[in-house]
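Trainee: Could you take me through one part of this protein slowly? I'd like a close look at a single strand and whatever sits around it.

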Amino acid sequence: MAPDGYPTSHKRWFYVIQAEGSPHPGRTGWVYSALIPSSEQIRVPGCTIERMLDAEPRQPAPPDPEPSNAPEPSHAPPSPTPPSPPTSKPPGPAASTPIAPPPAATPPHAKRTVSEQSGSHGSPTFLTPRNASGPGERIPAHTWVEAECRVYEPGIKTANPGGWWYRIATSPWSGRYYAVANTFMNGDAPGQQPPTDTDWSIPIC
């Protein structure tokens with residue numbers, strides 16, 4: 001584009017480099033061709049990137065700075081921030097944090113029991129299942145009790161079929177008395193036939 005005051009159709013410029021002895025040797029720039037008298041103009045080729053690089057080669061990059069032998073400044077830890085003064089509050093009852101009660105301790109000798117329901121005739125109990133001696137309080141009909149474990153003593157006629165006895169953990173029997181297994185429902189529905197003689201989920205004593 002031509003400078004102001006010159007015809008816009010005239011768009012020729014010269015890329016120049018000031019020579020040694022000039023006010024600014026080595027300085028480069030563009031000069032509008034109409035500003036140079038025709039008698040001083042010379043024929044030069046068109047500007048290309050290659051020619052401009054040849055006329056003004058790029059200066060090499062400066063070398064990396066040498067490492068300094070000066071000791072690095074020590075980084076002192078930041079000074080602690082003074083604690084904020086406590087905010088005064090009106091006197092009042094101190095808020096108490098509810099503390100959950102500790103879990104109930106499990107008795108060290110607690111045993112797993114199985115709930116059993118006595119049959120329609122109830123269940124007599126004995127201290128010794130081997131010979132049905134030491135009779136205890138009878139378990140009423142259709143009463144739920146906890147069976148602690150079972151023992152096999154088929155010597156008593158009424159213990160068969162099955163031959164198993166349950167040790168009753170529920171009070172007042174309290175793990176001291178036994179009842180014949182086939183006198184209990186053992187998970188059966190009322191009137192179920194054939195009846196279940198023994199609940200095999202009860203552990204052996």
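Mentor: Let's look at strand β7 and then work outward from there. Keep in mind that this is a predicted model.

First, the overall layout. The protein chain has one helix and eight strands, and from the N terminus the order is β-β-α-β-β-β-β-β-β. Of its 205 residues, 20% are buried. Among contacts with a separation of 6 or more, 49% are between residues 24 or more positions apart.

Now zoom in on β7, residues 164-168. Five of its five residues are buried, so the strand is largely enclosed by the rest of the structure. In a regular strand, side chains alternate between the two faces of the sheet. You can follow the two directions here: Trp164, Tyr166 and Ile168 point one way from β7, while Trp165 and Arg167 point the other way. Both sets are buried, and that includes the charged residue Arg167.

What pairs with β7? On one side there is β6, residues 144-152, which runs antiparallel to β7 and is joined to it by five bridges. To find your place in that pairing, start at Val151, whose bridge partner in β7 is Trp165. β8 is also antiparallel to β7, with four bridges between them. A handy marker there is Ile168, which has Tyr177 of β8 as its bridge partner.

From β6 you can carry on to β3. Those two strands are antiparallel as well, joined by four bridges, and Gln117 has Trp144 in β6 as its bridge partner. β3 makes a nice contrast with β7, since β3 has a covered face, with Val114 and Glu116, and an uncovered one, with Ser115 and Gln117. In β7, by comparison, the residues pointing either way are buried.

Next, go back to β7 and see what comes up against it from further along the chain. Ile204 belongs to the segment after β8 (177-180). It touches Trp164, as well as Cys149 and Arg150, leaving out residues up to four places away in sequence. Ile204 also lies 9.8 Å from Arg167, C-alpha to C-alpha, with their positions 37 residues apart in sequence. Is Ile204 buried or exposed? Its relative accessible area is 56%, and the cut-off for exposed is over 50%, so Ile204 counts as exposed.

Ser123 gives you the opposite case. You'll find it in the loop between β3 (114-117) and β4 (125-128). Its relative accessible area is 0%, so it is buried. The Ser123 side chain makes a polar contact of 2.8 Å with the side chain of Thr183. Setting aside neighbours within four places in sequence, Ser123 is in contact with Ser118, Arg138, Ile139, Ala179, Thr183 and Phe184.

Phe184 leads us to the last stop, the second largest pocket. Its volume is about 320 Å³. It is lined by 19 residues, and Phe184 is one of those nearest its centre, along with Gly119, Ser120, Asn182 and Met185. By type, the lining has six nonpolar, ten polar and three charged residues.

So to retrace the route on screen, begin at the buried strand β7, step across to β6 and on to β3, then follow the loop with Ser123 and finish at Phe184 in the pocket lining.

How values were computed: Residues numbered from 1 in each chain as written. Predicted model: local features only at pLDDT ≥ 70, side-chain atom pairs only at ≥ 80, totals over all residues. Heavy atoms only, no water. 1 Å grid on protein atoms, 1.4 Å probe; cavity = no way out; pocket = protein on both sides within 12 Å on 5 of 7 lines; lining within 4 Å. Points joined across faces, edges and corners; volume = space filled by probe spheres on them. Buried < 20%, exposed > 50% of the residue type's maximum accessible area, 1.4 Å probe, protein only. Contact = heavy atoms within 4.5 Å. Polar contact = N/O pair within 3.5 Å; in protein donor to acceptor, adjacent residues only side chain to side chain. Pairing = 2+ DSSP bridges.
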